[in-house]
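Open the model in a viewer, with the sequence panel beside it. The stops below say what to select and what is there.

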Amino acid sequence: MIVPLVMVMMTFAATPDELVDAAPKYCKNAAKKVVDRQLLSKLLEIEAQNGVPGRLRGMTLAAACHESGFSRDAVGDNGKAIGWFQLHPWWERYGVDRRDPISSANAWVARIAANVKRAKKKKCSDPWVSAWAYVASGPKGWRCRAPRHWTLLKKWKRKIAREKR
């Protein structure tokens, strides 16, 4: 049986070490020398603890790259969003330290996991990706779509697959 190349690339699962190596290497926004590999590994552990499917592992790394270039001090949205995940002040009501990548990742991934059920009720074709998009875009209303972080993660996984050949 011949499997289309696109299907092979979409289902490629990178190892945690490969993702940790790829994140600073392929993140155009990152200050490559200051990205802490142990911290990146911890973010992958947080994903696993929250039941993120293997094919989406690396979602926190892609989000942190896209949003802040792995910078705790990144500020966006006219000073409202700060930290690795560019979280807004309302996250602090839930005890989140927006400048702490671990605190931010725990809350961010847990919120995604909590919204998967909602995505299933909305009959989204990929509930995890839709929940991810919902949390990444803030409370703007629900739509079944994919976040830009997902596109970035897929690019990284394709590059990892090419390097393995």
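Select helix H5 (101-121) and colour its buried residues: Pro-101, Ser-103, Ser-104, Ala-105, Ala-107, Trp-108, Val-109, Ile-112, Asn-115, Val-116 and Ala-119. Buried means under 20% relative accessible area, exposed means over 50%, and partly exposed lies in between, with a 1.4 Å probe and protein chains only. Helices are DSSP runs of H or I with at least four residues, strands are runs of E with at least two, and both are numbered from the N terminus.

This is a predicted model, in which local features need pLDDT of at least 70 and side-chain atom pairs count only at pLDDT 80 or more, while totals for chains, interfaces and linings use all residues. Residues are numbered from 1 along each chain as its sequence is written, and side-chain values use heavy atoms, with hydrogens and water left out.

**Around H5**

Add H3, H4, H6 and H7 to the display, since the buried residues of H5 pack against these helices. Contact here means heavy atoms within 4.5 Å. For the spacing of side chains along such an element, recall that an α-helix has 3.6 residues a turn, so residues three or four places apart point the same way.

Next, look along the axis. H5 has 21 residues and reaches 31 Å from its first C-alpha to its last, close to the expected 30 Å; the expected span is 1.5 Å times one less than the number of residues. At Asn-115 the helix H5 bends by about 30 degrees, the bend being the angle between axes fitted to the seven residues ending there and the seven starting there. Asn-115 is also one of the buried residues of H5.

Move to the N-terminal end of H5, where Asp-100 acts as a cap: one of its side-chain oxygens lies 3.2 Å from the backbone nitrogen of Ile-102. A polar contact is a pair of N or O atoms within 3.5 Å; within protein, one must be able to donate a hydrogen and the other to accept it, and residues adjacent in sequence count only if both atoms are side-chain atoms.

Now select Asp-97, in the loop between strand S2 (81-82) and H5. Asp-97 is partly exposed, at 44% relative accessible area. Leaving out residues up to four places away in sequence, Asp-97 touches Ser-103 and Ser-104, both of them among the buried residues of H5. Its C-alpha is 8.9 Å from that of Gly-83, 14 residues away in sequence.

**Positive phi**

After H5 comes Lys-123, with a positive phi near 65 degrees. Most residues other than glycine have a negative phi. Two further stops have a positive value:

- Phe-70, in the loop between H4 and strand S1 (75-76), has phi near 65 degrees; at 7% relative accessibility it counts as buried.
- Asp-77, in the loop between S1 and S2, has phi of about 50 degrees; at 48% it is partly exposed.

**Disulfides**

Show the cysteine sulfurs. How many disulfides are there? The count is two, taking a disulfide as a pair of cysteine sulfur atoms within 2.5 Å.

Cys-27 and Cys-65 are joined with an S to S distance of 2.2 Å. Cys-27 sits in the loop between H2 and H3 and Cys-65 in helix H4, 38 residues apart. The torsion about their S-S bond is about 100 degrees, so this disulfide is right-handed. Cys-27 is buried at 0% relative accessibility, and Cys-65 is buried at 3%.

In the pair Cys-124 and Cys-144, the sulfur atoms are 1.9 Å apart. Cys-124 lies in the loop between H5 and H6 and Cys-144 in the loop between H6 and H7, so the pair ties together parts 20 residues apart in sequence. Here the torsion is about -70 degrees, so the disulfide is left-handed. Cys-124 is buried at 7%, whereas Cys-144 is partly exposed at 43%.

**Helix H2**

Select residues 16-26, where Glu-18, Leu-19, Val-20, Ala-22, Ala-23, Pro-24 and Tyr-26 are buried. Their cover includes H3 (37-49), H4 (59-68) and H7 (148-164).

**Confidence**

Finally, colour by pLDDT, the predictor's confidence in each residue from 0 to 100. The mean is 89, and 90% of residues reach 70 or more. Among the elements, H1 (residues 5-11) has the lowest mean, 42, and H3 the highest, 97. Over residues 1-11 pLDDT stays under 50, and the model has five contacts beyond four places in sequence for them.
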